[in-house]
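Here's a short set of exercises to work through with the model open. Try each task before you read its solution.

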Amino acid sequence: FAARAGSPPEVALRDNHRSTPRLMRALNALLGRALAGEPAFAPLVPTRADDPTAPVPPVEVVDVVSADGAPASREQEAEATADLIARLLDDGFERREVVVLFRALTQVEPYRAAIEARGVPVHLVAGRGFFTHDQVADTIALLRLVENPLDEEALVRVLASPYVAASDADLVALRATAGDPPREGWPERGALWPAVTEVPGTRSVRGLVEAAAWANGYELAVLGLPDGARRHANLRRLVRMAADHAAVRGPDLRGFLGLLDRMAADGAQDPGEATLVDPDLDAVRLLTVHGAKGQEFPAVVVADASHGGVSRQPAVLVDRDGRCGIRVSRVGAAGTTAALGHGALADAAKAAELAEERRVTYVALTRAERYCAVVGRSTARGDTAAAAFTVVGAAAHALAPPPDEVGTRSVAADPPAGDGTRPRLSPRPAVAVDPPAPRGA
């Protein structure tokens with residue numbers, strides 16, 4: 001430790017109690033180069049015994065490329081990430097032992113959909129996307145029909161959902177009778193409409209949402225789906241939201257639906273997926289790197305790792321000392337010109353953002369106990385110089401550690417087929433990495 005006169009000592013905590021020695025050796029070598037120049041980085045010392053059953057290599061850098069030569073899409077990367085997770089499960093990891101980390105959850109939906117398409121339950125931890133869940137969207141659509149029976153978009157959603165389970169042929173037939181009132185197009189089975197519009201003994205918004213959730217056995221159908229407990233918890237959250245709204249606004253279904261519209265449009269107001277109390281929920285977790293601080297997981301996959309990078313600086317910058325810099329336009333000249341020290345402030349802001357991106361990368365990789373992977377696209381568009389995939393990938397190739405410590409490989413993803421099926425993934429051989437040259441060579 002180092003101490004300044006009159007100040008408490010600074011202690012570097014180097015002991016790592018979570019990661020296996022093999023994984024820690026790989027991370028020390030990788031992060032030592034990736035975070036070169038960061039004074040906060042110090043090699044960590046593993047304190048636990050090695051695990052002979054841990055994957056080899058314990059660290060992988062996976063580059064997703066498109067088989068047709070075009071830049072790979074985020075959807076293709078999501079498919080590759082889902083295949084990687086399926087491989088981990090085949091290798092013996094439990095679903096609850098695998099976590100997928102994101103710098104931000106703004107683009108999490110393709111990854112969740114790809115993982116669930118393989119029959120793997122997923123839990124989005126404290127994330128957005130509440131309104132993207134089918135069970136939430138279906139119930140809201142039924143409530144829209146109660147508020148406005150002529151809402152054709154809501155009608156089609158309800159008919160195609162487990163409420164009615166209408167086939168494509170049923171929907172085509174309904175479209176052919178578009179001039180008829182919507183209720184005439186509903187199949188005869190079940191008492192879906194009365195179950196919602198004639199709620200016994202109550203006209204409260206909560207009562208309507210409760211009735212919509214139970215109509216035609218919908219809630220039971222949700223519980224019967226894979227990961228039904230989580231899906232059901234989202235339905236119950238919608239009921240609680242209705243109760244909270246009614247406590248302030250009264251029995252105003254239209255107002256409640258308007259509130260939901262505003263929340264869905266503004267991601268910051270998204271209530272997030274319902275959290276189950278059971279810590280042993282048998283599902284793969286998706287969460288942000290910041291949300292994973294202080295936690296540990298046997299297998300960590302850092303996804304969408306090409307996302308991010310240093311942002312473009314605004315025209316007006318103010319630092320903590322109150323200094324202000326601006327970019328101004330000149331009459332008759334194209335572009336803008338830095339003034340009042342804007343250039344220096346912009347450089348300082350970019351350096352700070354780059355340092356933060358590297359710290360986030362450090363946090364993400366050191367959450368792993370036995371295995372971690374960084375998945376990204378070398379063909380990603382935009383400024384990705386500070387993204388985790390670029391920083392870690394460059395370090396992996398420049399470091400040349402022993403082949404059983406860090407693996408780098410490419411995955412070729414075919415373009416989506418015309419019928420909408422997911423791309424087929426063809427793994428390419430791992431990139432051979434030569435051992436480091438002897439010192440002094």
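**Exercise 1: Cysteines**

Task: work out whether Cys324 is buried, partly exposed or exposed, then do the same for Cys372.

Solution. Keep in mind that this is a predicted model. Start with Cys324: its relative accessibility is 36%. Buried means under 20% and exposed means over 50%, so Cys324 counts as partly exposed. Now take Cys372: its relative accessible area is 0%, so Cys372 is buried. Finally, look for disulfides: the structure holds 0 of them.

**Exercise 2: Strands 8, 9 and 10**

Task: find out in which sense strand 9 pairs with strand 8 and with strand 10.

Solution. Begin with strand 8 (residues 316-318) and strand 9 (residues 324-329): they pair in the antiparallel sense, over 3 bridges. One partnership to check is Val318 with Cys324 of strand 9. Next, look at the hairpin itself: 5 residues lie between the two strands, and Gly322 takes a positive phi near 90° there. Then move on to strand 10 (residues 336-339), which pairs with strand 9 in the antiparallel sense over 4 bridges. Here Arg327 has Ala338 of strand 10 as its bridge partner.

**Exercise 3: Two helices**

Task: describe how helix 4 and helix 11 cross.

Solution. First get the geometry: the axes of helix 4 (residues 134-147) and helix 11 (residues 253-265) come within 10 Å and cross at roughly 140°. That angle makes helix 4 oblique to helix 11. Next comes the hand, and this crossing is left-handed. Last, list the contacts: Ile140, Leu143, Arg144, Val146 and Glu147 of helix 4 meet Leu253, Arg254, Leu257, Leu260 and Asp261 of helix 11.

Methods. Residues numbered from 1 in each chain as written. Predicted model: local features only at pLDDT ≥ 70, side-chain atom pairs only at ≥ 80, totals over all residues. Heavy atoms only, no water. Pairing = 2+ DSSP bridges. Disulfide = S-S within 2.5 Å. Buried < 20%, exposed > 50% of the residue type's maximum accessible area, 1.4 Å probe, protein only. Axes fitted to C-alpha atoms, helices over the stretch in contact; angles between N-to-C directions. Parallel < 35°, antiparallel > 145°, perpendicular 65-115°, else oblique. Left-handed = near helix turned anticlockwise from the far one by under 90°. Contact = heavy atoms within 4.5 Å.
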